[in-house]
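Welcome! Open your viewer, keep the selection tool at hand, and follow along one stop at a time.

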Amino acid sequence: MSDLSNKKILLGITGGIAAYKSAELVRLLIKAGAEVRVVMTPAAQEFVQPLTYQALSGHRVYVDLFDAEAESAMDHIELARWCDLLLVAPATADFLGKMNAGYADNLLLTLCLACKQPVAVAPAMNQQMYANASTQQNLAQLAAKNVLLWGPAEGEQACGDVGQGRMLEAVQLLQEVERHFSPGRLAGLRLLLTAGPTREAIDPVRYISNRSSGKMGYAIADAARRQGASVTLVSGPVALPAPQGVKLVNVESAQQMYDAVMQEAEASDVFIACAAVSDYRVDQAAEHKMKKSADTVSLQLVLNADILAAVSALEKRPFCVGFAAETRDVEKYALGKLQQKNLDMIAANLVGEGGQGFESDFNQLEVFWPDGRQAVGPASKTEVAKQLIDLVAERYTCARS
Ligand code: C5P
């Protein structure tokens, strides 16, 4: 889980329909350890009752610039000084305009002016209003004044329009807050990753595959995202939920995985090939379901392209990390692959031993790079992924410096 303990967050809510999402945001921030105080504009109270945020934050909600009771608890200057971050979510077009112009005719606007700590806004409005030159100018000017802009996202809007202007989801805003406080060792880097098995069609209903569950790759995607990387996960068919905050590209065959990876590889800083790619595919998959007839059937298999080797051979190549799942002589095969595929790093594991590897929740790796090695685990795949990502960050920095 994230750690926002000791972080004080002042959450400003303005009058947009997305205000209901901020209730979830309060819950997530508190769950992550933050202390949250909520300030609402008068318009925000038309959408959600202050009591909702009061119940979730465990503190009274500040709504009025001239509220003597609230002022006696903590006056608005004190409130602005109290926080480590002031986040306005949702921030309406009207609020952003006033904020940019320096208005102070409600408590939240006053706090924005009085706050010396970082201020972030999560715009939320109709796509036409967002596209309007005035809004764009306000946002550009706010950014120039060091206001952090988080979002908006694209998608369906409450009014029925589709376009840019949706407030980021609560979980995405939580991630922005986390990134703000600890940018992570892979901050600013694009990490591409393959995970899971591939399926090679025999006919429309049958395929050749393997026992990879995708758990290791998904744990690595999550660990990399937590270290600030923007992660693209190209995944074969698995029974796992999509990791949060990661761009997921679903594929089936090795060829599809190859195509998806090649589209992103040159724009990536790090590539981790964790997928158990089928070495072979059926030469001519049958167009219709094959019928049972002869006692024996032969399938002609042809070699699939090696995705990792292809990425590592690119002229503009990312830092390449491979996996070697072996049933014997791990070190020999791993070091061989490091060389043959021209890798920066290889993570080797002995599969089919001690309940580790494929399908298990635990793993143990021996990680090699051209002039070093390190054991990782045995531990849960989550922990192994964390340690592997730390190593990748370390080696990446060395390789690029
Ligand atoms: O040669 P071998 O298949 O054992 O190498 C394993 C490594 O190569 C893994 O990182 C795997 O994801 C990658 N690989 C690949 N494309 C293939 C075969 C393996 O990217 N066709």
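Before we start, a word on sorting residues: Ala, Val, Leu, Ile, Met, Phe, Trp, Tyr, Cys and Pro count as nonpolar, Asp, Glu, Lys and Arg count as charged, and the others, Gly among them, count as polar. With that key, the residues of the shell around the ligand come out as seven nonpolar, one polar and four charged. Keep in mind that you are looking at a predicted model.

**Stop 1: the ligand and its shell**

Select the ligand, then add the residues around it: Ala273, Ala275, Val277, Asp279, Ala305, Asp306, Ile307, Leu308, Gly322, Phe323, Lys337 and Lys341. Try sorting these names with the key above.

Now look for polar atoms that face each other. Start with the backbone of Ala273, where a polar atom is 2.6 Å from an oxygen atom of the ligand. Move on to Ile307: here a polar backbone atom is 3.0 Å from a nitrogen atom of the ligand. Then show the side chain of Lys337, which has an N or O atom 2.4 Å from an oxygen atom of the ligand.

How much of the ligand's accessible area does the protein cover? On its own the ligand has 440 Å² of accessible area, and the protein covers 84% of that.

Which elements give two or more residues to the shell around the ligand? They are H12 and S16; to find them, select residues 307-312 for helix H12 and 319-326 for strand S16.

**Stop 2: the pocket**

Hide the ligand and look at the space it takes: this is the largest pocket. Its volume is about 810 Å³. The lining has 40 residues, and the closest to the pocket's centre are Ala275, Ala276, Val277, Asp279 and Phe323.

Colour the elements that each supply at least two residues of this lining: helix H10 (215-226), strand S13 (270-273), strand S15 (301-303), helix H12 and strand S16. Of the elements, S16 gives the most, with four residues. Sorted with our key, the pocket lining holds 20 nonpolar, 13 polar and seven charged residues.

**Stop 3: backbone details**

Next, select Gly151 and Pro152, which are joined by a cis peptide bond with omega of about 5 degrees. Pro152 is in the loop between strand S5 (148-149) and strand S6 (153-156).

Another cis peptide bond joins Gly377 and Pro378, with omega of about 10 degrees. Here Pro378 lies in strand S19, residues 372-380.

Finish at Asp329, in the loop between S16 and helix H13 (330-340). Asp329 is not a glycine, yet its phi is positive, at about 45 degrees.

Notes:
Residues are numbered from 1 along each chain as its sequence is written. This is a predicted model: local features need pLDDT of at least 70, side-chain atom pairs count only at pLDDT 80 or more; totals for chains, interfaces and linings use all residues. Side-chain values use heavy atoms; hydrogens and water are left out. On a 1 Å grid over the protein atoms alone, a cavity is a set of points where a 1.4 Å probe fits but cannot get out, and a pocket is an open set with protein on both sides within 12 Å along at least five of seven lines; lining residues have an atom within 4 Å of a point. Grid points are joined across faces, edges and corners, and a volume is the space filled by probe spheres set on the points. A residue is near a molecule or strand if one of its heavy atoms lies within 4 Å of it. A polar contact is a pair of N or O atoms within 3.5 Å; within protein, one must be able to donate a hydrogen and the other to accept it, and residues adjacent in sequence count only if both atoms are side-chain atoms. Accessible areas come from the Shrake-Rupley method with a 1.4 Å probe; for residues, only the protein chains shown count as cover. A molecule sits in a cavity or pocket if more than half of its atoms lie within 2 Å of its grid points.
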